[in-house]
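Please look at the sequence and the 3D structure together before reading on. The report that follows takes up a few selected places, one after another.

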Amino acid sequence: MRLRHRLAAGLALATLATSAQAQAQRRLDLDLPAQPLARSLVDLSSRSGVVIVAPAALTANRAAPRVTGRMTAREALPRLLAGSGLTFGVEANGVILIRRAPPVVVAPSPAHAAPEPVEDLPVSVITVVARPLGEAAASQDRISPRLIDILVEDDLQRAGPGGVGDALARLPGASASLDAGEARQLAVRGVGARFTLVRVNGLETLATFGATNAGGGTNRGRAFDYNVFAADLFHQVRLQKTASADLEEGSLGASVDMRTRSPFDLPARSLRMTAEATHNGASGRTAPGVSLLASVRDRDDRLGFLISAAYRERTTAETGASAGQWESGTAIFPGFAASRSGESLEVLNQALHARIPRLEAVRADQRRLGLTASLEWRPDDQTHITADLLYASLHVERREDLLESFTFRTAGGCDAQGCGLGGVTVTEAQIVDQGGRVPVLIAGTFDNVDVRSEARRDILKTVFRQSTLSATRRLGDGYKASVLLGYSRSDFGNPRRDTIWLQQSGVTGFAYDFSDAKLPRVTFGSANLTGAAAWRVAEFRAEPNWVDNIHKSAAFDIERDGPVAWRAGVLHRRYVNAATTLSRSNGTIANLNSDVPPDLAAAPIDALSRLISINSAFGAGRWRAMDVERTLAGLARPSLGPETAASLNYAIGETIDAAFVQVARPFRENRRVWGELGLRWIAARYDIDGLGVLASGLVGEQSLERRDRRLLPSLNLAWRVAPDAVLRFGAAKVVARPDLASLRPGLGVSTTGTKMVVVGNPDLEPTQARTLDLALEWRPTDDLGLNLAVFHKSLSTVVQSTVTRPGAFAANPFGLSADVATLACGSSPGCSPDLPIWQFARPANSGEGRLDGVELAFSRRIERGDGVAWRINGAASHARSHVWLIGKSGALVRTEDALGAPRTAAFLSVQRRDGPTSAGVTISHRSAFVATAPAPNGGDVDGVNALTRVDINTSHRLSPAAELTLDVFNLTNAADRQFSDTTHIPTYLHRVGRDVRLGLRMTF
């Protein structure tokens, strides 16, 4: 089982044994609450300084009673172990060993017990530790009435090629969306990342990054981008799947708590170092990685300090093909011009065709840095004060080279700039009746097509900083008070986002074929793809953008243990989401991208371009593309302004004041039923400022305020239906607040691709649901565990995007005149207010919906007498949902799986240990899921295809202080694929390659 890790005890024993005997005689004022046994041993060791060694199999699933009074550690231990079937012995060096009590013979006085060897079981050091280790974590999720899964350090550090998200994707019910082969965002139990609350060191926070357009682009919402963080920074991650009153609102599916290390998580003096080299097969590059951790405590175990650092580089290369979504000819006015394919123009124009058929090559160089510091002070046994600092940065330089055609998305015929769909002749056509719902021009050959070579260079960086100060004080008589103050800031910047297009027109024999979803092809007919003289500079864009997220929180809790426990608290939090987007500007909303600056138009293509190569199985194997960095280095930067992206410039603040009260019947070893009932009250205030296009066509600033209040009850119960089985039930009312960007009042007019008018909705209600969870946990032995859960969510409303089908600009519901569209079109080809090509989008609240699911998780450990041990664990979840969404016609449409998560998420991990050597394999799978509903183009939805990945990890312990590791990620080079429409029209395929990582870990 992943929570029961084998941790070597030798180094810790050697380090601490000298003072163990003296510490054991020190008398302490103890007030240990009833809690998991492992937690009590942790606290006792922490306060006494005595080294306690316990087999992991013995401490798991056992509870300790409350122990109070003035006594030594050896006097406290018999009380903690009472009724557990355990006793202890004391080694000559003063180290205390926990073991099973003899079945009949009365145990000798612990102070004079003869030393005995520890059972042949994996052992864990329980020394001065403020937070539980793996086996204590196992007890936490066993005893809590809530549904909780926990990952500890070994799970986190070796689960993937990049950030911490790769490890979280191996939690039951969880699945990840990928960017460059790394887990970027997390979906849980059938709902997407925007419905998940994330806390770091107890503080709700948010980190965001940017991706390619297919990967979701710049994140301006509430979804957490885990790839910002190195996994090496964290000590423990908890995934709570039921709501509770003491947990901040904002989660529909789950809440993720990530904690960095404390100096009391480790021996009194600890030094760890890791050196790694990672090779990406697709890029052919090998990149370094290092991490360092140092921790120290004073002799009295009152003050501890820890610092850690992790740095890792990675180079990736993706290649593939894309359709750029699908659209009908009738939506790209006036449709195809002529047909020599045997199909009529009417049939061709009613079918969906590829909007931007293209080949793609993406290369990215990553640098990920993480730093943590923790200072913990325990002035007495009743008081803990902790200051934690966290810094993380992810820097990416990305180059995208695309060979494509914009003709199929451009309205109108041919002019001096090039041809739209109205100038194209179809010479061959393969139309399929996709799923019996919609005809699709899945493959075809075309004449009079413009071909473009797109070269884009991005520099992206997120810097995340967080500081937290927490204090807890046991007040006696079971009371405890806690205070948390925190500040976090995530600054994302994309200061260079420059794109240059080369073009050649009138190409004959252009063809695409997406009939094979696993090998799409695009070929370019008569185009001269490698000759510099055949190309001209056709378009230039500069689109820098920034997103900042700032959180400030202050919380106070007070609780009392007892036969009926209670807890109450208050919270004040301020969250600000600010975004800036610029583009080429002349002070108006006019699109200037096709107005190529004279010095760029005159740039020598032969000298400033390079040849791009990809697998010729996708079609063309080589083409010429501009070197963006070299080309722009000698040119003046264009004038930039916010006008053409007005609605993406805003600053929105959210102020939350909350209070909760919670009563509980706490866990006791002799109780069959325990649980908690709570009520949370929240008051939210929003101050919204942003730019927008006014009715006159000018850009102006708009401001407004709104308020919202909620009362959220929750209930969590646990019933021990048998000595080895616990049944849990959870019920709650939950809300997930809308992305702050959705509340912006400003209106924007976009003419760079799809001609669209977008506006926010300050009156949005949060996504609201009532949830029910029922779970059965069965652990007949310490080596076998099985969990079965069913869950239901009744949705009263969901925040969704609405979009209309194409029409004339005069149909806009915002009261804008045709002059606004004329001004916005600028030099954009195929753009006019009279053409029926305009769409209008706005976020809104959907109708009702529901989600039902089932989840199964299991773990099995097999110990053989010859030193060979096996660990097998896995999980699978399946969720079905439907929501009544507002469709493109404006009517409610019953839409399946529209919450941004796969129906099925599963993994299986098998690990074998033979002495110092271990090896394992993990297979993970997620089914296809809908990413966008309704889709803005011809399909009714856009989504992501199923993905199955295989990872391998091996290690060999060279000495008690050194371990060699070898990991392989994405062994089968699985492809990332996307689709359009519920009939799954193939849209996108990329391969990132496999990563091989060799590492050396040293512990001192």
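## Phe791 and its surroundings

Which residues does Phe791 touch, not counting residues up to four places away in sequence? The model in which this can be looked up is a predicted one, and in it Phe791 touches Arg189, Leu772, Asp773, Leu851, Asp852, Gly853, Val854, Glu855, His878 and Ala879.

Phe791 has its place in strand β46, which covers residues 784-797. One of the residues it touches is Leu772, and although Phe791 and Leu772 are 19 residues apart in sequence, they are 5.7 Å apart in space, counted from C-alpha to C-alpha. Because its relative accessible area is 4%, and buried means under 20%, Phe791 counts as buried.

## Helix α12

In helix α12, which runs over residues 818-825, the buried residues are Val820, Ala821, Ala824 and Cys825. They lie on the same side of α12, because they cover an arc of only 130° around the axis.

Among the elements that cover these buried residues of α12 are β40 (673-693) and β43 (747-750). Just after α12 comes Gly826, which takes a positive phi of about 50°.

## The sheet that contains β43

Strand β43, one of the elements covering the buried residues of α12, also belongs to an open sheet of four strands, in the order β43-β44-β48-β47 and with mixed pairing. β43 and β47 (799-803) stand at the edges of this sheet, and each has a single partner strand, so one side of each is left without a neighbour in the sheet. On average, and with direction ignored, neighbouring strands of this sheet are turned by 20° against each other.

The pairing of β43 can be followed in some detail, since β43 and strand β44 (residues 756-759) run antiparallel and are joined by four bridges. Within this part of the sheet, Ser750 stands opposite Met756 in β44.

## Two nonpolar cores

The largest nonpolar core has 60 residues, and those that touch the most other members are Val164, Leu168, Tyr226, Phe229, Val256 and Met258. Leu168 may serve as an example: if residues up to four places away in sequence are not counted, Leu168 touches Leu151, Leu156, Ala174, Leu186, Tyr226, Val237 and Val256.

Apart from this largest core lies another core, made up of 57 residues, among them Val451, Ile500, Leu632 and Leu989.

Terms used:
Residues are numbered from 1 along each chain as its sequence is written. This is a predicted model: local features need pLDDT of at least 70, side-chain atom pairs count only at pLDDT 80 or more; totals for chains, interfaces and linings use all residues. Side-chain values use heavy atoms; hydrogens and water are left out. Buried means under 20% relative accessible area, exposed over 50%, partly exposed in between (1.4 Å probe, protein chains only). Helices (H or I, at least four residues) and strands (E, at least two) are DSSP runs, numbered from the N terminus. The arc is that of the directions from the helix axis to the C-beta atoms. Contact means heavy atoms within 4.5 Å. A nonpolar core is a set of buried Ala, Val, Leu, Ile, Met, Phe, Trp, Tyr and Cys residues joined through side-chain atoms within 4.5 Å. Two strands pair if DSSP finds at least two bridges between them. Axes are lines fitted to C-alpha atoms, for helices over the stretch in contact, and angles run from 0 to 180 degrees between N-to-C directions.
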